[in-house]
Amino acid sequence: MTNLLDAAMTALAADAAMQSDFTALCDCCGRRAGTPSEKAGIEFVQSRLAAISPAAALEPVAYAGWRCPPATLRLADGSELACNPLLGSASTPAAGLSAEVIDLGRGSEEDFKQHAADIAGRCVLVRHEYPFSAVHVHRRRKYGWAMDHGAAAFIIANPAPGGGPLSGSSGRGGAAGIPAIATDYESAARLAPVGSKRARVHLKIEGEDYPAQTRVAILNLPGQTRDCIVLSAHIDGHDLAESAMDNATGVAVVLAVARAFAPLIASCRRGLRICFFSAEEWALAGSRQYLDRMSADERSAIALNINLDTVGGDTQLTALTSEFPRLETFVVEAATAAGLPVNTYAPLMGNSDHFNFARHGIPALRLVAGFDRPQCNIRHILTRGDTREKVTEAELAAAARLTATLLARALTDSDDVVMALRKK
Ligand SMILES: [Zn+2]
């Protein structure tokens with residue numbers, strides 16, 4: 001194992017392409033699924049995998065697609081407010097909808113309970129929260145509560161002044177739902193009630209559902225047994241910026257680690273499979289279909305998923321270990337032996353593609369930067385601030401070293417250790 005890790009670390013230290021891959025992905029812009037920008041991102045990644053091995057392949061996956069011309073949000077006096085429909089938002093009637101706004105502040109479950117009698121027929125206004133923390137309430141839960149209480153529409157505001165509107169998925173996936181948009185801090189301030197009089201808005205969204213298809217870029221590098229480690233990252237993002245932190249960082253690091261290990265895998269106990277997913281921002285649709293359609297036998301050969309999502313933008317890395325207790329120990333022991341810092345967080349989080357592996361009983365972790373550090377650069381993800389200058393070369397290099405350390409162990413440790421990671 002030591003020789004393997006030493007060889008991989010030496011290759012990584014000499015790899016100049018990680019930074020240029022990161023820049024090239026940012027140059028593709030936001031890579032929102034269903035756009036030419038996403039297509040350019042997938043084709044770039046595929047060409048980089050093909051340069052490692054001719055075995056690189058693309059597998060199609062379907063997801064509930066949606067497209068929408070610009071939506072509008074206006075106050076009763078006609079003035080226009082910032083408005084970015086959430087991916088997959090339900091449409092308003094063709095003429096739009098007019099309704100009063102009820103501001104639920106943060107929009108916690110308690111906030112919804114307290115105002116339960118006042119929500120039906122109104123537009124619910126809530127605030128976005130820093131997504132990588134133990135106390136965060138996800139946008140899609142707030143959206144679900146708004147629907148359950150009969151809200152006419154859902155508005156989520158960026159709590160940061162000057163930060164612009166947000167992006168994100170409604171999670172509707174072609175099913176029933178309510179119109180859902182994001183707005184900015186300044187617009188939300190104008191939606192506050194004046195005395196006892198609530199603000200009234202006119203909202204118009206004309207989206208269209210369609211059956212969409214995207215691809216998973218895959219490279220299989222076989223080891224000495226049928227078992228493999230899947231190293232993954234999502235290519236897609238949102239169109240307000242470059243999706244640099246989320247997730248050009250993860251893709252660039254996975255590519256670099258794949259280059260470093262590729263010549264070494266044939267002599268390892270387990271193989272390495274690289275998976276670059278898309279439609280992750282669409283409620284994890286790409287990886288969901290990829291895992292769901294696999295046979296139980298194929299899934300049983302995946303010993304571990306290491307998923308990189310947002311690994312730059314802060315200096316601290318955390319492994320989200322998805323309630324596999326032995327995985328947490330495995331991460332801490334491997335990192336400590338290599339002298340690398342890492343935090344761990346045990347609860348299962350449905351916030352990236354590792355969730356779909358974990359859901360099928362496959363040990364799965366997400367490496368993420370900035371966990372519980374809401375003041376770091378990662379606060380800008382999902383906004384126009386998710387741009388390349390928020391990420392340092394040192395952050396990418398640190399993420400690559402930690403990934404290589406975990407991977408080297410997972411590729412070579414005994415079955416007693418690695419297959420036991422499945423035990424709950
Ligand atoms: Zn992400």
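Modeller: Before we start, one ground rule: two strands pair if DSSP finds at least two bridges between them. Also, keep in mind that this is a predicted model.

Colleague: Fine. Then how many bridges join β5 to β6, and are the strands parallel or antiparallel?

Modeller: There are 3 bridges between β5 (residues 97-103) and β6 (residues 123-127), and the two strands run parallel. As an example, Ile102 has Val124 in β6 as its bridge partner.

Colleague: What's the strand order in the open sheet that holds those two?

Modeller: That open sheet has 8 strands, ordered β3-β2-β9-β5-β6-β7-β8-β4, with mixed pairing. At the edges sit β3 (80-81) and β4 (84-85), each of which pairs on one side only.

Colleague: And which strands does helix α5 lie across?

Modeller: Helix α5 (residues 139-148) lies across β6, β7 (153-157) and β8 (180-183). Its direction is at about 150° to β7.

Colleague: OK, switching sheets. What's the order in the one with β1?

Modeller: It goes β1-β10-β12-β11-β13-β16-β14-β15, an open sheet of 8 strands with mixed pairing. The edge strands there are β1 (57-67) and β15 (343-345), each pairing on one side only. From one strand to the next, the twist averages 25°.

Colleague: How do β14 and β16 run, parallel or antiparallel?

Modeller: Antiparallel: 4 bridges join β14 (residues 317-320) to β16 (residues 364-369). Ala319, for one, has Leu367 in β16 as its bridge partner.

Colleague: Where does helix α3 lie?

Modeller: Helix α3 (residues 36-52) lies across β1, β10 (208-221) and β12 (271-277), and runs at about 15° to β10.

Colleague: Now the metal. Which protein donors does the zinc ion have?

Modeller: They are His234 through NE2, Asp246 through OD, and Asp309 through OD, with Asp309 listed twice. These donors lie 2.1 to 2.4 Å from the zinc ion. The spacing of the donor residues in sequence is H-x11-D-x62-D.

Colleague: Which parts does the pair His234 and Asp309 tie together?

Modeller: His234 is in strand β11 (residues 228-234), while Asp309 is in the loop between β13 (302-308) and β14, so the pair ties together parts that are 75 residues apart in sequence.

Colleague: Why is the arrangement around the zinc ion irregular?

Modeller: Because the 4 donor atoms subtend angles of 56 to 142°. To count as tetrahedral, four donors need all angles between 85 and 135 degrees.

Colleague: Last one: is His234 buried or exposed?

Modeller: His234 is buried, at a relative accessible area of 0%. Asp309 counts as buried too, with 2% relative accessibility, since the cut-off for buried is under 20%.

Notes: Residues are numbered from 1 along each chain as its sequence is written. This is a predicted model: local features need pLDDT of at least 70, side-chain atom pairs count only at pLDDT 80 or more; totals for chains, interfaces and linings use all residues. Side-chain values use heavy atoms; hydrogens and water are left out. Axes are lines fitted to C-alpha atoms, for helices over the stretch in contact, and angles run from 0 to 180 degrees between N-to-C directions. Contact means heavy atoms within 4.5 Å. Donors are N, O and S atoms within 2.8 Å of the metal (3.2 Å for Na, K and Ca); water is not among the atoms, so sites may look incomplete. Four donors count as tetrahedral if all angles lie between 85 and 135 degrees; four count as square planar and six as octahedral if opposite donors are over 155 degrees apart and all others between 65 and 115; anything else is irregular. Buried means under 20% relative accessible area, exposed over 50%, partly exposed in between (1.4 Å probe, protein chains only).
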